[in-house]
Amino acid sequence: MQKPFLIVLIVAILGALAISQFTPELYSAIAFFTGAIIASVIFTLMSSPSSPTGSDNYTGPTMTLYVGNLPYRVHEGEVKELFGKYGPVSSVRLVRDRKTGRRKGFGFIEMSEAGAKKAMTKLNEFEFQERTLKVREAKSQDADKNETAQATN
């Protein structure tokens with residue numbers, strides 16, 4: 001079960017007990033459902049996105065980072081949480097193999113420029129889930145094409 005569901009369930013049971021104590025003529029089922037509704041409303045209000053490091057609030061300059069040597073079992077949320085410690089993260093893209101759908105062990109993180117610079121210094125050579133991360137500024141595909149064209153001339 002998920003943690004938010006358990007919290008709502010516990011609060012609903014406590015609410016049902018409290019409601020049944022104040023109004024003994026209510027049936028237990030009605031008290032439970034009333035507690036569940038109240039708990040759901042409270043939990044929804046508490047979990048609304050009001051985080052100062054949320055990507056929804058950030059509108060400044062961004063930078064895209066390349067992250068290599070990621071564990072194959074890692075998920076976007078785990079990477080976002082790791083990089084979110086250093087600044088607002090706009091997006092996380094973990095690259096997958098087209099044929100198998102498995103992750104290839106690298107990805108791209110778009111985040112605030114200041115946070116990206118901090119993350120590069122702190123997370124390069126960082127041990128994450130038994131793997132040593134490689135964090136660099138991502139090169140655009142246009143830059144790669146220009147370098148190749150200049151090298152052949």
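Start by selecting helix α3, residues 76–84, in this predicted model. Its buried residues are Val-79, Leu-82 and Phe-83. They sit on the same side of α3, because together they span an arc of only 90° around the axis. In an α-helix, a turn takes 3.6 residues, so residues three or four places apart point the same way. Now show what lies over these buried residues: the cover includes strands β1, β2 and β3, helix α4 (113–123), and strands β4 (127–128) and β6 (134–137).

Next, pick out three of those covering strands, beginning with β2 (residues 89–96) and β3 (residues 103–112). The two pair in the antiparallel sense, with six bridges between them. For one place to look, select Val-92 and find its bridge partner in β3, Ile-109. Then follow the chain from β2 into β3: the two strands form a hairpin, with six residues between them. Stop in the turn at Gly-101, where phi is positive, at about 80°.

Now add strand β1, residues 62–68. Strand β1 also runs antiparallel to β3, and six bridges join the two. Select Met-63 to see the residue that stands opposite Met-111 in β3. While you have the strands on screen, here is a general pointer for reading them: in a regular strand, side chains alternate between the two faces of the sheet.

Stay with β3 and click on Ser-112, which belongs to this strand. Is Ser-112 buried or exposed? Ser-112 counts as buried because its relative accessibility is 4%, and the cut-off for buried is under 20%. To see its surroundings, leave aside the neighbours within four places in sequence and display the residues in contact with Ser-112: Tyr-58, Pro-61, Thr-62, Met-63, Gly-87 and Pro-88. You have already met Met-63, the residue opposite Met-111.

For the last stop, switch to a surface view and select Leu-6, Leu-9, Ile-10, Ile-13, Leu-14 and Leu-17. These residues make a nonpolar surface patch of about 520 Å². Zoom in on Leu-9, which lies in helix α1, residues 3–22. Leu-9 counts as partly exposed because its relative accessibility is 31%, a value that falls in the range between buried, under 20%, and exposed, over 50%.

How values were computed
Residues are numbered from 1 along each chain as its sequence is written. This is a predicted model: local features need pLDDT of at least 70, side-chain atom pairs count only at pLDDT 80 or more; totals for chains, interfaces and linings use all residues. Side-chain values use heavy atoms; hydrogens and water are left out. Two strands pair if DSSP finds at least two bridges between them. Helices (H or I, at least four residues) and strands (E, at least two) are DSSP runs, numbered from the N terminus. Patches are made of residues with over 30% relative accessible area and no salt bridge: like charges are joined within 9 Å, nonpolar side chains (Val, Leu, Ile, Met, Phe, Trp, Tyr) within 5 Å. Accessible areas come from the Shrake-Rupley method with a 1.4 Å probe; for residues, only the protein chains shown count as cover. A salt bridge is a side-chain nitrogen of Lys or Arg within 4 Å of a carboxyl oxygen of Asp or Glu. Buried means under 20% relative accessible area, exposed over 50%, partly exposed in between (1.4 Å probe, protein chains only). The arc is that of the directions from the helix axis to the C-beta atoms. Contact means heavy atoms within 4.5 Å.
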